[in-house]
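Biologist: Before I rely on any label attached to this structure, I would like to hear the reasoning behind it. Could you take me through the terms one at a time?

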Amino acid sequence: MEVHDHAIVRAVLAGDKEAYGALVARHSQNVFRVAFRITGDEADADEVVQEAFLRGYQRLSSFESRSEFGTWIYRIAVNCALNMISKRKVEASYQIGEETDPAQHQVQVADSSPGPERTLLSREIESLQAAAMKSLTATERTAFILRHMEDRSSSEIAVALDIAPNAAKQAVFRAVQKLRRSLAPLRVNL
Amino acid sequence: MNHLNQQTLLDYYYGESDSPAAIDEHLHECAECAREFNALRSDLAAIPVLSAPVRGEDYGQQVWQSIRTSLPVYEAPQKKHPFGWLMSSPWKGFVAAATACLLIVAAFFVGRHWEHRTPSLAANHSTSEQGRERVLLVVLGDHLDRSERLLVELRHADPSTEAPLQAEARDLLSSNRLYRESVKQSGDPTLATALDHLERVLIEVSNEPGGLSKARLDELQKEMNTDGLLFEVRVLRSRVQGDVEGKGTGATTTKGVYL
């Protein structure tokens, strides 16, 4: 039977440091996924995961048992990822490439289209999408990623970004408006 | 018919609409809104969801191994001492000051008793009395000196120094109460008023919830006239210092403090 997260937190706070390993093992995949989606870089995402769990351990005494550890560490990870993109200025070098290449901050985008024409069109779309994402601010992009890719509600986004729920909603709305404007040329082709 | 705005359509798309049934109905009736919604849906559907690279099952273990050495061990909560509450802030300072006062008072009475039993020593009474007063003046001088330093720090404080300031204020507060009472009894209104003013500032600094922000510090400095108090404390400290020196050389003093 799996030990509940809250029981592990209590054990860690009582001096059982090794118990924290179970929490890391349990939540690291989720944390990595959101870190990767926000930073767009595998190595940066790995770094965010380590930093998030490190910070989580340091602040464990402030963790309130009425919330879930998974949600709490997720929020810390989102903040770490936001700090990371501010530091690395990923926005300036976000590109679409053939292969995932951390050194060049390239991200491989799934391509299921078979023919060369379709491939060309797909690349054009991807490049426009990448440019559109680049036009967003860090908060707008993170809010949009959390909403569109992570399926988080406005209130969850607000908590993760430490902003008011209405501000979170507005950030997603602005992101969608900007993306739609940038992607408008595609509507003619499709 | 009122058309649905973009925000409403977006909320509906992401399942966050307050009244999805009404919007659904509207979209069936209004071709323009239905067209707008289809365009929105199509645009959003075209934005791919980034899939993260796959991490192995031992990924969590790898992360744990990379951070575990830099993590300290949390100390298990200690069992409470029966008189632990006395040793916890803000009582700690009060208990220490009260103990010191008790010792001084006890020493005073023991000294007096000793003098009654040994008349031969009575001749030295005035000298020992002067010595006791000198000790008390030194203690008060030290208190005023610490208070002066606190007020100077308060004047130049930034929010990052709030914790040490508050701890020092709490510590000074308990002893200040005792000095103020003693000074009142000894009939030194100037010193008693200054200590009273000082006590109000110390209470404000000690009990500020959530620490002192820059704005609160400015407000406190303005409200409590800490600059004026600082000047008063400086003058009194110099006076007490003069009294200490006077006692030391056997000269006549102006005022004394009796505990």
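Modeller: What follows is a conversation about the labels used for this model, which is a predicted one.

Biologist: Let us start with the overall make-up; how many helices and strands does chain A have, and how many does chain B have?

Modeller: Chain A comes to 10 helices and two strands, and along its sequence the pattern reads α-α-α-α-α-β-β-α-α-α-α-α. Chain B has 11 helices and zero strands. Of the 190 residues in chain A, 35% are buried, while buried residues make up 20% of the 259 residues in chain B.

Biologist: What share of the contacts in each chain join residues at least 24 apart?

Modeller: Counting contacts between residues at least 6 apart in sequence, the share that joins residues at least 24 apart is 61% in chain A and 70% in chain B.

Biologist: What makes up the side of chain A that touches chain B?

Modeller: In the predicted model, 38 residues of chain A are in contact with 29 residues of chain B. Helix 1 (5-13), helix 2 (20-39), helix 3 (42-58), helix 6 (116-134), helix 7 and helix 9 (165-182) of chain A each supply at least two residues of that side of chain A, and the largest share, 10 residues, comes from helix 2 of chain A. By class, the residues of this side of chain A divide into 21 nonpolar, 10 polar and seven charged.

Biologist: Why is helix 3 of chain A called oblique to helix 4 of chain A?

Modeller: The two helices, helix 4 of chain A being residues 69-88, pack at an angle of about 130°, with their axes 9 Å apart. Angles over 145 degrees count as roughly antiparallel and those from 65 to 115 as roughly perpendicular, and the rest that are not under 35 are oblique; the angle of about 130° therefore makes helix 3 of chain A oblique to helix 4 of chain A. The crossing of helix 3 of chain A past helix 4 of chain A is right-handed.

Biologist: Which residues of helix 3 of chain A meet helix 4 of chain A?

Modeller: On helix 3 of chain A they include A:Val48, A:Ala52 and A:Phe53, and among the residues they meet on helix 4 of chain A are A:Ile73, A:Ala77 and A:Cys80. The contact of helix 3 of chain A with helix 4 of chain A has nine nonpolar, one polar and five charged residues.

Biologist: And what classes of residue appear where helix 2 of chain A contacts helix 4 of chain A?

Modeller: The axes of helix 2 of chain A and helix 4 of chain A come within 9 Å and cross at roughly 35°, again in a right-handed crossing. The contact of helix 2 of chain A with helix 4 of chain A has 14 nonpolar, four polar and no charged residues. A:Ile73, A:Ala77 and A:Ala81 are among the helix 4 residues that helix 2 of chain A meets, and these three are also among the buried residues of helix 4 of chain A.

Biologist: How do you know that helix 7 of chain A is mostly covered?

Modeller: Nine of the 12 residues in helix 7 of chain A are buried, among them A:Glu140, A:Phe144 and A:His148. Helix 7 (residues 138-149) of chain A reaches 15 Å from its first C-alpha to its last, close to the 16 Å expected at 1.5 Å a residue.

Biologist: What is the phi of A:Asp151, and why is that residue called exposed?

Modeller: A:Asp151 has a positive phi of about 60° although it is not a glycine, and its place is in the loop between helix 7 and helix 8 (154-161) of chain A. Most residues other than glycine have a negative phi. With 11 C-beta neighbours inside 10 Å, A:Asp151 falls under the limit of 12 or fewer, and it therefore counts as exposed.

Biologist: What makes A:Ala184 partly exposed, and A:Asp162 exposed?

Modeller: A:Ala184, in helix 10 (residues 184-189) of chain A, has 13 C-beta neighbours inside 10 Å; exposed needs 12 or fewer and buried needs 20 or more, so A:Ala184 counts as partly exposed. A:Asp162 has 12 other C-beta atoms within 10 Å, which meets the limit of 12 or fewer, so A:Asp162 is exposed. A:Asp162 lies in the loop between helix 8 and helix 9 of chain A, and its phi is positive, about 60°.

Key
Residues are numbered from 1 along each chain as its sequence is written. Chains are lettered from A and ligands numbered from 1 in the order in which they are written. This is a predicted model: local features need pLDDT of at least 70, side-chain atom pairs count only at pLDDT 80 or more; totals for chains, interfaces and linings use all residues. The expected span of a helix is 1.5 Å times one less than its number of residues. Two residues are in contact if their C-beta atoms, placed from the backbone, lie within 7 Å. Ala, Val, Leu, Ile, Met, Phe, Trp, Tyr, Cys and Pro count as nonpolar, Asp, Glu, Lys and Arg as charged, and the others, Gly among them, as polar. Axes are lines fitted to C-alpha atoms, for helices over the stretch in contact, and angles run from 0 to 180 degrees between N-to-C directions. A crossing is left-handed if the near helix is turned anticlockwise from the far one by less than a right angle, and right-handed if clockwise.
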